[in-house]
Amino acid sequence: MSKQNELLLKEQELQEKIDKYNKLLEPRILYLEVSDVNNKSSYSFPFAPINNINSIKLNNYSLPKINFNVEENKNNILLLKKNGEEIIITINKGNYTIDSLLEVLNSKLNNIKLSLTIEQTVKIESIDNEIFNIIDTPLSKYNLGFSNDCSNNSTYTSNNIWDLRVDNKVYLYITNLSDTIPFGILFYNGESNSEFKFEEPISLNNLDIVFKDSKGYDYNFYNLSHSLSFSFSTN
């Protein structure tokens, strides 16, 4: 009985050592909450250095949903050229219907009129039949549907129907990991699969965060807060 008890004790001690060794080999998970005090869409978030990182995962996030379908520095300019002079029409940011958008544009134009066809394309014509050009801008291309060459004519009809939809997702980049591949696509319904795994462990002391929309423009949070929750797997 003494020998048996001694063997059982040694077996228990060995198992405890194996468990401790396995725990040493298990990856550690570190958690990090990220936000920006200025509510910007592009910023660097510093933290104490983390070494031997095998993977980074976005666990959850909270983003403000902006319902503007016309925004400054994105798609708020209609650019025409007539008689060698540029006609620059700038509109305020906001959430427009196609009717309200055409109404605002028409109020700022002279001798040029925009209208909606029965096929839901946009027609733009010179009232005095003078030739003019439509210069390619995000507003004319993506929203009004003029994606073909529009030069040397007095009337144009868009080849695509109008589109004033608001994005249902945001592209998250961590540019000190990759400035070409998004870390994740974040949907407003909370669904996202965002994780980078590394062939060799890396070390980090900051995350360079950039949010972009589906067309590659910097996202604007309009001073509303957001948050990101990351986990780091390390050895």
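## Aromatic pairs and strand pairing

F132 and Y156 are both buried. The model is predicted. These two residues form an edge-to-face aromatic pair, with 5.2 Å centre to centre and 85° between the planes. F132 sits in strand β7 (residues 132-135) and Y156 in strand β8 (residues 155-157), so the pair links distant parts of the chain, 24 residues apart. The structure holds seven aromatic pairs. Another of them joins F183 and F230, and two are set out here.

| Pair | Centre to centre | Angle between planes | Geometry |
|---|---|---|---|
| F132 and Y156 | 5.2 Å | 85° | edge-to-face |
| F183 and F230 | 5.8 Å | 65° | edge-to-face |The planes of F183 and F230 stand at 65°, over the 60 degrees that edge-to-face requires. F183 lies in the loop between β9 (169-174) and β10, while F230 is in strand β12, so this pair ties together parts 47 residues apart in sequence. F183 has 3% relative accessibility and counts as buried. F230 is buried too, at 0%. Ring pairs link F183, F196 and F230 into a cluster.

A charge also meets a ring. K215 lies over the face of Y142, at 5.0 Å from the ring centre.

Now the sheet. Six strands make up an open sheet, ordered β1-β12-β2-β11-β9-β10, with antiparallel pairing. At the edges are β1 (28-34) and β10 (184-187), each pairing on one side only. From one strand to the next, the twist averages 35°. Within this sheet, eight bridges pair β2 with strand β12 (residues 227-234) in the antiparallel sense. Here I53 stands opposite T234 in β12.

Strand β2 (residues 42-62) also holds F47. Its relative accessibility is 14%, so F47 counts as buried. F47 touches L32, L204, N205, N206, L207 and F232, leaving out residues up to four places away in sequence. L207 is 160 residues from F47 along the chain, yet their C-alpha atoms are separated by 8.4 Å.

A hairpin comes next. Strands β5 (residues 112-116) and β6 (residues 122-126) run antiparallel and are joined by five bridges. S115 stands opposite K123 in β6. Five residues lie between the strands of this hairpin, and Q120 takes a positive phi near 65°.

Last, a loop residue. N69 lies in the loop between β2 and β3 (77-82). N69 is buried, with a relative accessible area of 7%. Its contacts, apart from neighbours within four places in sequence, are N75, G94, N95, Y96, N143, L164, R165 and V166.

Definitions and conventions. Residues are numbered from 1 along each chain as its sequence is written. This is a predicted model: local features need pLDDT of at least 70, side-chain atom pairs count only at pLDDT 80 or more; totals for chains, interfaces and linings use all residues. Side-chain values use heavy atoms; hydrogens and water are left out. Helices (H or I, at least four residues) and strands (E, at least two) are DSSP runs, numbered from the N terminus. Buried means under 20% relative accessible area, exposed over 50%, partly exposed in between (1.4 Å probe, protein chains only). Contact means heavy atoms within 4.5 Å. Two strands pair if DSSP finds at least two bridges between them. Axes are lines fitted to C-alpha atoms, for helices over the stretch in contact, and angles run from 0 to 180 degrees between N-to-C directions. Rings of Phe, Tyr and Trp (its six-membered ring) pair if their centres lie within 6.5 Å; planes under 30 degrees apart count as stacked, over 60 as edge-to-face and the rest as tilted. A charge sits over a ring if NZ of Lys or CZ of Arg is within 6 Å of the ring centre and within 35 degrees of the ring normal.
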